[in-house]
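The exercises below invite you to read a protein model step by step, each with a task and a worked solution. Please keep the sequence and the structure in view while you work through them.

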Amino acid sequence: MAKAKGLMQNELFGNEERLTLFVEVILPVPVPKLFTYRVPFEFNELVLEGQRIIVPFGQRNVLTGVIKQIHQQPPKDYDARYVLDLLEAAPAFNSIMLKFLDWVGSYYMANPGDVLGVAMPSGLKVSSESLVQLNPSYQVQEELASDEEMLINYLSEHEHIPFQEIPHLVGKKSINKLIKSLLDKEAILLFDKIRERFSPKTSTYLKLNPELLSETELQNVFERIAKKPKQEEVLLAYLQSVPALGNPSLNALGLKKEVLLRAGCSPSSIKTLESHGILISYQRIESRFEENLNTVDAPPLSKDQQKVLEQILASFEQKPITLLHGITGSGKTEIYLNLIQQVIDNGQQVLFLVPEIALTTQLVIRLRKVLGSQVGVYHSRFSDNERVEVWQGVQNGKYPFVIGVRSSLFLPFDNLGLIIIDEEHEPSYKQMDPSPRYHARDAALMLANLHHARVLLGSATPSVESYYHARQGRYGLVELDKRFGNAVLPQVEIADISREKKKKTMKGHITSHLFEAVGSALSRNNQVIIFQNRRGYAPYLSCSVCGWTPHCTNCDVSLTYHMFKNELRCHYCGYSEALPPTCEACGSAELQAINYGTEQLEESLKLLLPENKVARMDQDTTQGKHTFDKLIDDFANRRIDLLVGTQMVAKGLDFDHVTLVGIFDIDRMIHFPDFRSSERTFQLATQVAGRAGRRKEQGKVIIQTYNPDQTLLRHIARQDYKAFYEEEIKEREQFRYPPFVRLIKLTVRHKEARLVSDAAYLITDLLRQTITSEQIYGPIQPVIGKIRNKYLQEVLIKIDRSNPQLNQLKLTIWKCTRQVIIRKDFKGVQVIFNIDPV
């Protein structure tokens, strides 16, 4: 670790004057400013903007920061502390990335540290570990307590001990008194060890000692070990795998030790050959990902696909952004693949964004068949080390093509030519918590602009905003209205729940209409998907005597019943409790499950279809790193006949044998209190319907509803996006919602309801006095008025899209909120800024 020395002014060194440099540093802390540090003279020629550095912060902490700017102006209000060390020679963050981080922070009203927290993988940050060692000058002069003596004796035989291991050593949970006592006696020293979190994957390789590569020397070795058959076996196995004799270059590469172990060689014999200098072991850094994949040519495009590809390329000549509106099953992925190949062949990089990890599995398999090891995958289920490896692969050119979720925007691209945003309508592209609450689709447009790259938005059900911009000529628009090959769109039918309940033909929550179709599909050896956008066994329990319902202690919601674990769980904060045996209000044992979720549907279908394999895909069944992949593989290979799932099953999955899709609980989605509820319902229903009949046999979709005459259901049944859009855009214009205005939502929260209400009203009054040109609504309590033990109030601001002073407006909004929350009587009140909420 370099030590910083020098004077505050420029210093003469020999006959040269050394400049005193300072750096503005972005630190991953939730503070709305940068921090100034002094550069040690020995680093003057080494510091660069975008470098990761280690700096002191607070009393004992050290943090990883990124240099934003280098200058010679010392801070006015404090003495700058020294940079401790540089973590790299070449900057991890190039100039375009720094501009992009700036824009994200500015547009989404986020602190620079919050943006850096999202942009920089944890593996690129340093961590510090507190260690305890014996004070070299300590001499025992007084009697020690038993736990003190135990620790001192341990340290006399060991160099140091991690702080967190001391409780286990002395057998006590709390060691603060012990440590303070030994520090007072000057018996121990406390210090922090700093290390980078990322560690490359290494494997042990073996090679024959180069001095033994001649026939004579090798013969001598075999004579020496002639009576050691196991050692002889190891050496023969090595030579069979690596023809080292007369080929020093092959021997230099060696053989992975694991290969010999798998071949049945004795570990102790290998170790003996190493100790005798016959074999030499060494560590080699390896990728955590599969490499040297066999590839095939991209599948040929149909005439319709080729025409659309040419239209996209022509559109890119005129506009940097193009919307591809292609119906489900039209073969958009094959078009993407051809575009990707062209851009990579041109020496540029491509980013392929998908809304959720769930979509990557099948896509990665298809893309790697053509692009091989050029494909990098980036998402949150990767370990810290795996994510850093992808980051470095983008930086060094190993991965010219990356497929990933929204955080992939922050990878260190330096020559980005194309960004593809698949399923661009998906709300999952919006980060909700923590800050920055950015929308990956919108942020991607800015990133592409900084790189002078092209953007292709793809969807069968585009967002109303994107389709509007395309119709207005801001984006190019290309449409593909035919399914690939001989496939046709599925037939959509409506099942009337009210009528079937009157006729008493329901089977639990399943209409006879749907149940008969399920039986018919399965009898023909086809597969079925059942969509219910609510996980758990039942949304809530209720006492049939007094109506009591168990509620979360931290949130203003009822607890969802999960039968498998026999518990009640909050889907907002994670709180859980055991199923109560009786009603807590009246003592009755008559507790009943109200309504149903995926878990209950799975159970019902297993009882109704005992001959068939039924499985469930939701957040509860896909928590493991590979559980989702296994479910997809099992369904694709027909080890599952019927799959029940939440919206995970609606997005981009492609199965050959699915001919029937059933949609449950659509009325709840339609009537959810949100201006986007009709759009969301149309998109979800159309997307999940698109999983049916993607090959030769036409699929069927059955939607269960209490009100078959709803206009939206007619649009869904006809799969008529344009009719839906024309109706929706008129309402948006009439009631002033996006795309005609921008929305900013302020959420005020605190653990005391009164403080939240008072602060929200004060902020709203200040805004109305200050911003007279815009519409301000609220404050109002949201549908869920308390989450994680904090009460909520919301204020909504509608800003005209033609307003040129957006940045100034945001600054005014920020000042109004600060004016309120810095008051002593509002201590602890938080305000969350949500730009373009979804």
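**Exercise 1. In which helix does Trp814 lie, and is Trp814 buried, partly exposed or exposed?**

Before starting, note that this is a predicted model. Step one is to find the element, and Trp814 turns out to lie in helix 26. Step two is to look at accessibility: the relative accessibility of Trp814 is 33%, and because partly exposed covers the range between under 20% and over 50%, Trp814 counts as partly exposed. Step three is to list the contacts, which, once neighbours within four places in sequence are left aside, are with Met109 and Phe833. As a check on distance, Ser315 is 499 residues away from Trp814 in sequence, and their C-alpha atoms are 40 Å apart in space.

**Exercise 2. Work out which residues of helix 26 are buried and where they sit around the axis.**

Begin with the length of the helix: helix 26 covers residues 806-821, and its 16 residues should span 22 Å at 1.5 Å a residue, which agrees with the 23 Å between its end C-alpha atoms. Next, collect the buried residues of helix 26, which are Leu806, Leu809, Lys810, Thr812, Ile813, Cys816, Thr817, Val820 and Ile821. These residues cover an arc of only 160 degrees around the axis, so they are on the same side of helix 26. A general rule helps in reading such a list: an α-helix has 3.6 residues a turn, so residues three or four places apart point the same way. Finally, ask what the buried residues of helix 26 pack against, and the partners are helix 1 (95-107), strand 32 (741-750), helix 25 (753-770), strand 35 (790-800) and strand 36 (830-835).

**Exercise 3. Carry out the corresponding analysis for helix 24, and find the residues exposed on its other side.**

Helix 24 runs over residues 721-735, and its 15 residues reach 21 Å from the first C-alpha to the last, close to the 21 Å expected at 1.5 Å a residue. The buried residues in helix 24 are Tyr721, Phe724, Tyr725, Glu728, Ile729 and Arg732. Because their arc around the axis is only 125 degrees, they are placed on the same side of helix 24. On the other side of helix 24, the exposed residues are Lys730, Glu733 and Gln734. The buried residues pack against strand 14 (321-326), helix 16 (464-471), helix 22 and helix 23 (711-718).

**Exercise 4. Describe the open sheet of six strands, and explain why strand 21 and strand 28 each have one side without a neighbour.**

First write down the order of the strands, which is 21-31-30-22-29-28, with parallel pairing. Strand 21 (491-496) and strand 28 (614-617) stand at the edges, and since each has a single partner strand, one side of each is left without a neighbour in the sheet. From one strand to the next the twist averages 20 degrees. Then examine one pair: strand 30 (residues 658-663) and strand 31 (residues 700-705) run parallel and are joined by four bridges, and Val661 has Val701 in strand 31 as its bridge partner. Last, add the helices that pack on the sheet. Helix 20 (residues 627-636) touches strand 22 (527-531), strand 28, strand 29 (642-645) and strand 30, and its direction makes about 140 degrees with that of strand 28. Helix 22 (residues 677-689) touches strand 22, strand 30 and strand 31, with its direction at about 155 degrees to that of strand 30.

**Exercise 5. Which residues touch the most other members of the largest nonpolar core?**

The largest nonpolar core has 150 residues, and within it Phe93 and Leu409 touch the most other members. To see the surroundings of Leu409, leave aside its neighbours within four places in sequence; its contacts are then Phe100, Leu351, Leu353, Tyr438, Ala440, Ala443, Ala444 and Leu447. Apart from the largest core lies another core, of 21 residues, among them Ile225, Val242, Cys265 and Ile278.

How values were computed. Residues numbered from 1 in each chain as written. Predicted model: local features only at pLDDT ≥ 70, side-chain atom pairs only at ≥ 80, totals over all residues. Heavy atoms only, no water. Pairing = 2+ DSSP bridges. Helix = DSSP H or I, 4+ residues; strand = E, 2+ residues; numbered from the N terminus. Axes fitted to C-alpha atoms, helices over the stretch in contact; angles between N-to-C directions. Contact = heavy atoms within 4.5 Å. Expected span 1.5 Å × (residues − 1). Buried < 20%, exposed > 50% of the residue type's maximum accessible area, 1.4 Å probe, protein only. Arc of directions from axis to C-beta. Core = buried A, V, L, I, M, F, W, Y, C linked by side-chain atoms within 4.5 Å.
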